[in-house]
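Reader: I am new to this one and would like to see how the labels are earned. Could you walk me through it?

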Amino acid sequence: MSGRRVDAKVVLLGQEGVGKSSLVERCAHGRFRAGPYQNTIGAAFVAKVMTVGEQTVTLGIWDTAGSERYEAMSRIYYRGARAAIVCYDLTDSGSFQRAKFWVNELQNCEEGCRIYLCGTKSDLLEEDRRKRGVDFHDVQDYADDELFQKVAEDYVNFSAFQVMTEDKGVNLGQRNSPYFYSCCQH
Ligand SMILES: Nc1nc2c(ncn2[C@@H]2O[C@H](COP(=O)(O)OP(=O)(O)OP(=O)(O)O)[C@@H](O)[C@H]2O)c(=O)[nH]1
């Protein structure tokens, strides 16, 4: 059976420096480029073809700038998004507050956009657990979703985008699916 091609807009949101561009880089090019931090200006776009069951889906991924200076611009990029990956740095509690801000925005303005919470920089916790700035249970309570537990066990090799496309709840062919919260650690 031949796959049906569906395009879906996905947006990444979160405080500056949490690792959104790195996440996209990993997803699109399979690499992590350590090096000097270069903040995103405005937004960057990447198209990523993924297989979802028998379908081939082209995700149009908008990687927004996390700096508050670009906040108004980020709103333009989440318009009509089928899914949003809201990132926070597991070592930075302020970034989780910022993630909540974006979740709130999406809930109020983008009905039908499925929301994924993604904790980043888990490798830093592996080095030293005292670096954890965001309590696991706080996030779990906030997200209130069983997927978190499952994903958290495999956070090293886990791809947020893969989980998103495998999630039956995100309807990549149709608008207006209900809200959804899940989380992962990256
Ligand atoms: N240790 C560690 N560092 C990371 C990880 N992801 C990103 N970084 C580093 O964090 C810094 C910021 O990463 P970016 O991906 O540019 O962050 P961003 O969220 O896109 O930032 P803005 O474009 O300003 O919104 C860079 O120096 C990355 O190398 C990670 O998983 N682990």
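**Where two helices meet**

Author: Gladly! In this predicted model, E71, S74, R75 and Y78 of α2 are in contact with R98, F101, W102, E105, L106 and C109 of α3. Sorted by kind, the residues of this contact are five nonpolar, one polar and four charged.

Reader: What makes α2 and α3 oblique to each other?

Author: Their axes cross at roughly 50 degrees and come within 12 Å. Roughly parallel would need an angle under 35 degrees, and roughly perpendicular runs from 65 to 115. The crossing fits neither range, so α2 and α3 are called oblique. The crossing of α2 and α3 is also right-handed.

Reader: Why is the pair R75 and E71 called a salt bridge?

Author: The label asks for a side-chain nitrogen of Lys or Arg within 4 Å of a carboxyl oxygen of Asp or Glu. The side chains of R75 and E71 meet at 3.1 Å, N to O, so the pair qualifies. R75 and E71 are four residues apart in helix α2 (residues 71-78), which means about one helical turn separates them. In general, residues three or four places apart in an α-helix point the same way, because there are 3.6 residues a turn.

Reader: Are R75 and E71 buried, exposed or partly exposed?

Author: Buried means under 20% relative accessible area, and exposed means over 50%. E71 has 16%, so E71 counts as buried. R75 has 25%, which lies between the two cut-offs, so R75 counts as partly exposed.

Reader: What other salt bridge does R75 make, and which parts of the chain does that pair link?

Author: E105 and R75 meet through their side chains at 2.9 Å, N to O. This pair links distant parts of the chain, with E105 in helix α3 (residues 93-109) and R75 in helix α2, 30 residues apart. E105 has a relative accessible area of 12%, so E105 is buried.

Reader: How exposed are E127 and K131, the partners in another salt bridge?

Author: Their side chains meet at 3.4 Å, N to O. E127 has a relative accessible area of 57%, over the 50% cut-off, so E127 is exposed. K131, at 37%, is partly exposed.

Reader: Which residues do salt bridges with shared partners join into one network?

Author: E71, R75, R98 and E105 are joined that way. A search of the whole structure finds six salt bridges.

Notes: Residues numbered from 1 in each chain as written. Predicted model: local features only at pLDDT ≥ 70, side-chain atom pairs only at ≥ 80, totals over all residues. Heavy atoms only, no water. Buried < 20%, exposed > 50% of the residue type's maximum accessible area, 1.4 Å probe, protein only. Axes fitted to C-alpha atoms, helices over the stretch in contact; angles between N-to-C directions. Parallel < 35°, antiparallel > 145°, perpendicular 65-115°, else oblique. Left-handed = near helix turned anticlockwise from the far one by under 90°. Contact = heavy atoms within 4.5 Å. Nonpolar A, V, L, I, M, F, W, Y, C, P; charged D, E, K, R; others polar.
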